[in-house]
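I set out to look up a few features of this model and to note each one as I went. The entries follow in the order in which I made them.

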Amino acid sequence: MSAPENGELSQHPDIDLAGLNGTPEQRSSTLAEIRAAFEGAGYFYAANFGPSQASVDAVFDQARRFHALPEDHKLTARQFKPGSQRGWIPLGAEPAYEPGTIARCESFDLAMELPDESNIEFGGLGANLWPSDLPGFQDTVYGWYLAARVAARQLFVAFAEMYDLPADTFVQYESERSSSMMRLLRYPPNEGQTADNIVGISAHTDYEAFTLMSQTAPGLELLTRSGEWIEPPVFQDRFIVIVGDMLEHLTNGTLRATRHRVNDTEWERLSLILFNAFDADAVIAPLPRFVSEDNPPRFEPTTQVAHINAQVSAAVANL
């Protein structure tokens, strides 16, 4: 795997998260870098996020194996329960986050393996749906998910400490019951289609707290806080970290959710996405630290699951 071109990467916030585990001075400096990146650009590249690069590469290898299966084999990991988001999500099933758009992507989705509590959790707190004939897939993919969730929890702590808040300020809202979903997305080549309303995924913000993103080829675009759409370059040894709706709510708009989209490209593109969410029934409202006479509360209290359900229902209605 080739190293990033320094000149290209220098145009973007690039943070070595190993500093969070260094000396107090190194941790303080890294926290300041994260805060500046989120408040300035609205995203950053994260080196040394947690799980090894070899494990990330292994997940992409498994994603290729799954997406290369014939459709009748993928159907063994397809669940037809209304509102479900586990297992194979075929082409044509992705919601339209902007009216009139058609998304061209498919995905394999998973979350924490838990007893069924579908009355509270979007998609159901329960078992994942795994392909029946893909040895090694479940162990590799789910093992990475568990390791990444542990590392993501340390980022929740960092996001609190960068505002001089108690370390558990954000992690108190999430547990193993969180709505954190992982997606192995595939965007097929467009094969010459030119319709303006066909996209990879239309523009949206993520409904959770923050998102980790890795891609194998260009196609992703981010809307910076200055209002410019940019196409971040592809670096396989770094994750892109963006802000989601729930951190925007808790910080009363000090952090703003990063709007993003994926173009319909002439080349195949795979991406690994980890949505880091709060527990479905966690009540989210602006924290006192971010509320003042000059900046009154901008958001009404809501729960993670209520917010997800409202946003997804609106996107499904656009299909």
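**Entry 1. The pair R35 and E39.** The model is a predicted one. I began with R35, which counts as partly exposed at 30% relative accessibility. I then looked up its partner: R35 forms a salt bridge with E39, and the closest N and O atoms are 3.1 Å apart. I noted that E39 is also partly exposed, with a relative accessible area of 30%. Which helix holds both residues, and how far apart are they in it? Both belong to helix α2, and because they are four residues apart there, about one helical turn separates them.

**Entry 2. Salt bridges between separate parts.** I searched the whole structure for salt bridges and found 17. I looked up R259 and found that it pairs with E98, the closest N and O atoms being 3.6 Å apart. R259 lies in the loop between α6 (245–250) and β13 (260–262), while E98 lies in the loop between β3 (87–89) and β4 (102–103), so this salt bridge ties together parts that are 161 residues apart in sequence. For R259 I recorded 30% relative accessibility, which counts as partly exposed. E98 is partly exposed, with a relative accessible area of 30%.

I next turned to R153 and E174, whose side chains meet in a salt bridge at 2.6 Å, N to O. R153 lies in helix α5 and E174 in the loop between α5 and β6 (182–187), so the parts tied together here are 21 residues apart in sequence. Is each of these two residues buried or partly exposed? R153 counts as partly exposed at 27% relative accessibility, whereas E174 is buried at 6%. I also noted a network of salt bridges that links K74, E106, R186 and E268.

**Entry 3. Helices α2 and α5.** I looked up how helix α2 (residues 24–40) is placed against helix α5 (residues 137–161). Their axes come within 9 Å and cross at roughly 85°. Angles of 65 to 115 degrees count as roughly perpendicular, and therefore α2 is roughly perpendicular to α5. I then listed the residues that meet: R27, L31, I34 and F38 on the α2 side, and V157, A158, F159 and E161 on the α5 side. By class, this contact has six nonpolar and two charged residues, with no polar ones.

**Entry 4. The nonpolar core.** I looked up the largest nonpolar core, which has 85 residues. Which residues have the most contacts inside this core? They are M182 and F210. Helix α5 supplies the largest share of the core, 14 residues. For F210 I set aside the neighbours within four places in sequence and looked up the remaining contacts. Among them are A152, L155, F156 and F159. Others on the list include V241, I242, L247, L274 and F275. As a general point, nonpolar side chains in soluble globular proteins tend to be buried together.

**Entry 5. C105.** I located C105 in the loop between β4 and β5 (106–110). At 2% relative accessibility, C105 counts as buried. Leaving aside neighbours within four places in sequence, I found C105 in contact with residues including P90, L91, G92 and E94. The contacts of C105 also include L185, R186, Y187 and P188, as well as G200 and I201. R186 is one of the residues in the salt-bridge network noted in Entry 2. I checked C105 against A37 too: they are 68 residues apart in sequence and 29 Å apart in space, C-alpha to C-alpha.

**Entry 6. S55.** I found S55 in helix α3 (residues 53–67). S55 is partly exposed, with a relative accessible area of 21%. From S55 to V141 I recorded 9.0 Å in space, C-alpha to C-alpha, and 86 residues in sequence.

**Entry 7. Positive phi values.** Most residues other than glycine have a negative phi. I therefore looked up two asparagines with a positive phi. Phi of N48 is near 55°, and N48 is found in the loop between β2 (43–47) and α3. N252 has a positive phi of about 55° and is found in the loop between α6 and β13. Which of the two is buried and which is exposed? N48 is exposed, with a relative accessible area of 51%, whereas N252 is buried at 0%.

How values were computed
Residues numbered from 1 in each chain as written. Predicted model: local features only at pLDDT ≥ 70, side-chain atom pairs only at ≥ 80, totals over all residues. Heavy atoms only, no water. Axes fitted to C-alpha atoms, helices over the stretch in contact; angles between N-to-C directions. Helix = DSSP H or I, 4+ residues; strand = E, 2+ residues; numbered from the N terminus. Parallel < 35°, antiparallel > 145°, perpendicular 65-115°, else oblique. Contact = heavy atoms within 4.5 Å. Nonpolar A, V, L, I, M, F, W, Y, C, P; charged D, E, K, R; others polar. Buried < 20%, exposed > 50% of the residue type's maximum accessible area, 1.4 Å probe, protein only. Salt bridge = Lys/Arg side-chain N within 4 Å of Asp/Glu carboxyl O. Core = buried A, V, L, I, M, F, W, Y, C linked by side-chain atoms within 4.5 Å.
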